[in-house]
Amino acid sequence: MSKKYATITGVHGYVPDYVLTNKELETMVDTNDEWIQSRTGIKERRILKKEGWAASDMGVEMVKGLLEKTNTKPEEVDMLICATITGDRVFPDTANTIADKIGAKNSFGFDINAACSGFLYALSTGAKFVESGSNKKVIVVGLDVMSSIIDYKDRSTCIIFGDGGGAVMLEPTEEKTGVQDAVLKADGSGREFLNMAAGGSLKPHTPETLAAGEQYVYQEGRPVFKAAVKGMSGAIKDVMERNDLTNDDIAWLVPHQANIRIITSVASMLDFPMEKVMMNIQKYGNTTAGTLPLCLWDYESQLKKGDKIILAAFGGGFTWGATYLVWGY
Ligand code: UT7
């Protein structure tokens, strides 16, 4: 029997309507448009403000669009994975809430908590189920509602993050397209640099933790920045070497959108031309697990069947990695 690959047969994204500009942030914290753009590359980000909406509602929009595009009935979906750190609730998971809301009655799924690398981890996980032959229509969602865990009084984090994400459909094929290989890494000792201090079993919420702002994202920017450049460039190099790929072979590098300076440093370390680097950080900021599918959605019309693509991410955990993908349509 020939090898099965898990190929992407569609991608669809969603971002909320509300645009939070650098100008508006200037009225909220001591910052300015010039600092934000020159230090991060971000001009604006989207914020979920719809009454009663949460992560699963954004997921429903992504998946509905994906089902339409791929001509799939909800009952045909047999697995749905959601990468997020801002699910509707601590438990149960958001993946099965999305499945319920769209009527995917024959699907099972779960969430993956790997922060900015969540989509990479989820893509590899979904691909294994397809490659093994056990599942045929697997949806992988990557999204975050970062505004729900950001302190809009903390200028070092509130300027960076935004809300949004996207979803892809994975299906089996015998053609050599889809997920080819992935270098996935983690180092839990990085947890002290990027975390949410309270709300877990280590420190359940109390009036004191709330007063201390421990329900919000805490980040030490500089060490995370350095680790991100080293981690992403190392993983990209490893996955390319393992698959005998040169920069000329690669049609697109799709990096996690955390900071334009991280992206340009990674490209420069690898001698990779910026014209082939996907970038939409200026419009959406850092949507954590959402950045990679949002990039694929934005650039979908420029992608061609057979394009060799490298996805790369780095985030809280620390978690990081790089995935080699061949575009399938
Ligand atoms: O996606 C998950 C992984 N996360 C990342 O990859 C993020 C990695 N880190 C970063 O992107 C950057 O470290 C930040 C964008 C978070 C910060 O940029 P930085 O160039 O590393 O700035 P810094 O934290 O070293 O701060 C430099 C100065 C400080 O002032 P002093 O101490 O030099 O007087 C900050 O207080 O910039 C100040 N600063 C600001 N000034 C104006 C920090 N935030 C702001 C701000 N506006 N929003």
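The following legends describe close-up views of a predicted model.

**General notes.** In this predicted model, local features need pLDDT of at least 70 and side-chain atom pairs count only at pLDDT 80 or more, whereas totals for chains, interfaces and linings use all residues. Residues are numbered from 1 along each chain as its sequence is written, and side-chain values use heavy atoms, with hydrogens and water left out.

**View 1. The two domains and the area buried between them.** The domain assignment, whose bounds come from an automatic or database source, gives domain 1 (5–175) and domain 2 (180–279 + 291–326). Their C-alpha centres lie 15 Å apart. Contact (heavy atoms within 4.5 Å) involves 36 residues of domain 1 and 35 residues of domain 2. The size of an interface is often given as the accessible area lost when the parts come together. Buried area here is the accessible area (1.4 Å probe) that two parts lose on being put together, summed over both. For domain 1 and domain 2 this area is about 2,700 Å², and carbon and sulfur atoms give 65% of it. On the side of domain 1, C116, L120 and Y121 lose the most area to domain 2, together 21% of what that side buries.

**View 2. Polar links and the domain 1 side of the interface.** Two salt bridges (a side-chain nitrogen of Lys or Arg within 4 Å of a carboxyl oxygen of Asp or Glu) are found across the interface. K69 forms a salt bridge with E300, with the closest N and O atoms 2.8 Å apart. Between the domains, ten residue pairs are in polar contact, both residues being at pLDDT 80 or more. A polar contact is a pair of N or O atoms within 3.5 Å; within protein, one must be able to donate a hydrogen and the other to accept it, and residues adjacent in sequence count only if both atoms are side-chain atoms. The elements giving two or more residues to the domain 1 side that touches domain 2 are β1 (5–14), α2 (33–40), α5 (118–131) and β7 (163–173). Helices (H or I, at least four residues) and strands (E, at least two) are DSSP runs, numbered from the N terminus. Strand β1 supplies the largest share of that side, seven residues.

**View 3. Surroundings of T319 in strand β13.** T319 belongs to strand β13 (residues 319–326). T319 is buried, with a relative accessible area of 8%; buried means under 20% relative accessible area, exposed over 50%, and partly exposed in between (1.4 Å probe, protein chains only). The T319 side chain reaches the backbone oxygen of A114 at 3.0 Å. Leaving aside neighbours within four places in sequence, the contacts of T319 include S117, Y121, K185 and F314.

**View 4. Surroundings of D163 in strand β7.** D163 has 0% relative accessibility and therefore counts as buried. A polar contact of 2.7 Å joins the side chains of D163 and S147. D163 and D144 are 19 residues apart in sequence, yet 5.7 Å apart in space, C-alpha to C-alpha. Beyond four places in sequence, D163 is in contact with residues including R46, M58, D144 and T287.

**View 5. Helix α11.** Six of the eight residues of helix α11 (residues 291–298) are buried, and the helix is mostly covered. The buried residues are T291, L292, P293, L294, C295 and L296.

**View 6. E220 in a loop.** E220 lies in the loop between β10 (217–219) and α8 (221–242). At 31% relative accessibility, E220 counts as partly exposed. Not counting residues up to four places away in sequence, E220 touches E192 and F193.
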